[in-house]
Amino acid sequence: MILNQIIEDFEFIGLTALLMFSLMAFMGLYFGISSLRTVIVDSQRKNVEIVYLWFWRTTVTEAEITGFKSYAFTNNIGIYSGILVQLKNGKQFQLSEFDTKNFTAIRDAMSSFIENKNELKLNIWTSLNKAVFVYAGMFIVLLVVGKILEW
């Protein structure tokens with residue numbers, strides 16, 4: 001019965017599966033690349049350099065940083081120390097003891113030239129989350145239109 005349904009309605013199911021798998025692949029690629037980063041803090045030059053995949057570098061200077069906040073990072077494995085860094089353009093980046101090898105050295109170096117602001121809050125509505133929301137919305141609309149056309 002399931003095989004007959006897939007054969008009869010292959011275009012709709014194929015497009016739905018493509019959207020689902022491409023969304024999962026995009027999210028896996030994004031989080032995979034973002035987790036493979038190296039953070040270099042230079043206290044003398046007062047900048048933070050983030051290196052992704054050993055060749056793409058982003059350098060943030062003291063003038064571009066609003067402040068940072070230490071917080072507890074929780075996942076399914078445990079509770080870890082974390083840092084939230086806020087930039088003046090509104091972007092944020094997070095570091096945690098869970099995925100950063102020399103976390104304590106990075107935190108100590110950052111605290112020497114970046115102001116600690118406890119009022120910072122994690123911005124959840126990022127451009128990535130907006131893109132995923134739109135993509136998932138398109139997927140749901142496709143499902144609804146497909147069901148309406150079936151009737």
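Let me start with a definition: a residue is called buried when its relative accessible area is under 20%, exposed when that value is over 50%, and partly exposed in between. Take D42, at 22% relative accessibility: it falls between those two cut-offs, so D42 counts as partly exposed. Keep that scale in mind, and keep in mind too that what you see above is a predicted model.

Let's stay with D42 for a moment. Which residue forms a salt bridge with D42? The partner is R45, and the closest N and O atoms of the pair are 3.6 Å apart. R45 has a relative accessibility of 67%, so R45 is exposed. In general, side chains of opposite charge can pair when their charged atoms come close. How many salt bridges does a search of the whole structure find? It finds two. The other pair is R57 with E49, where the closest N and O atoms are 2.9 Å apart. R57 is partly exposed, because its relative accessible area is 47%.

Now to the sheets. Strands β1, β2 and β3 make an open sheet in that order, with antiparallel pairing. At its edges are β1, residues 37–42, and β3, residues 56–61, and each of these pairs on one side only. From one strand to the next, the twist averages 15°. As a reminder, strands of a sheet pair through backbone hydrogen bonds, either parallel or antiparallel.

If you'd like to trace the pairing yourself, begin with β1 and β2, which are joined by six bridges. One place to look is I40, whose bridge partner in β2 is E49. You have met E49 already, as the salt-bridge partner of R57. On the other side, β2, residues 47–52, pairs with β3 over six bridges as well. There, N47 has T61 as its bridge partner in β3.

Between β1 and β2 there is a hairpin with four residues between the strands. In that loop sits K46, and here is something to notice. What is the phi of K46, positive or negative? It is positive, about 60°, although K46 is not a glycine. In general, most residues other than glycine have a negative phi. As for accessibility, K46 is partly exposed, because its value is 35%.

Let's move along the chain to the other sheet. Strands β4, β5 and β6 form an open sheet in that order, and the pairing is antiparallel. β4 and β6 are at the edges with a single partner strand each, so one side of each has no neighbour in the sheet. The twist here averages 20° from one strand to the next.

β4, residues 65–74, and β5, residues 79–87, are joined by nine bridges, and they form a hairpin with four residues between them. Please find I83 in β5, since it helps to show how the sheet is put together. Opposite I83 stands S70, and in β6 the bridge partner of I83 is L95. β5 and β6 pair over five bridges.

What about the inside? The largest nonpolar core has 19 residues, and those with the most contacts inside it are V41, V48, V85, F93 and M110. Which elements give two or more residues to this core? They are β1, β2, β4, β5, β6 and α3. Helix α3 gives the most, with four residues. In general, nonpolar side chains in soluble globular proteins tend to be buried together.

Some parts of the chain that are apart in sequence come together in space. N123 is in the loop between α3 and α4, while K91 is in the loop between β5 and β6. These two are 32 residues apart in sequence, and their C-alpha atoms are 8.4 Å apart. For N123 and Q92, 31 residues apart along the chain, the C-alpha separation is 7.4 Å. N123 is partly exposed, because its relative accessibility is 36%, whereas K91 is exposed, because its value is 56%.

One last stop, on the surface. W125, F133, V134 and M138 form a nonpolar patch there, with about 460 Å² of accessible area together. F133 belongs to helix α4, residues 127–150. With a relative accessible area of 56%, F133 is over the 50% cut-off, so F133 is exposed. Thanks for listening!

Definitions and conventions: Residues are numbered from 1 along each chain as its sequence is written. This is a predicted model: local features need pLDDT of at least 70, side-chain atom pairs count only at pLDDT 80 or more; totals for chains, interfaces and linings use all residues. Side-chain values use heavy atoms; hydrogens and water are left out. Patches are made of residues with over 30% relative accessible area and no salt bridge: like charges are joined within 9 Å, nonpolar side chains (Val, Leu, Ile, Met, Phe, Trp, Tyr) within 5 Å. Accessible areas come from the Shrake-Rupley method with a 1.4 Å probe; for residues, only the protein chains shown count as cover. A salt bridge is a side-chain nitrogen of Lys or Arg within 4 Å of a carboxyl oxygen of Asp or Glu. Buried means under 20% relative accessible area, exposed over 50%, partly exposed in between (1.4 Å probe, protein chains only). Two strands pair if DSSP finds at least two bridges between them. Axes are lines fitted to C-alpha atoms, for helices over the stretch in contact, and angles run from 0 to 180 degrees between N-to-C directions. A nonpolar core is a set of buried Ala, Val, Leu, Ile, Met, Phe, Trp, Tyr and Cys residues joined through side-chain atoms within 4.5 Å.
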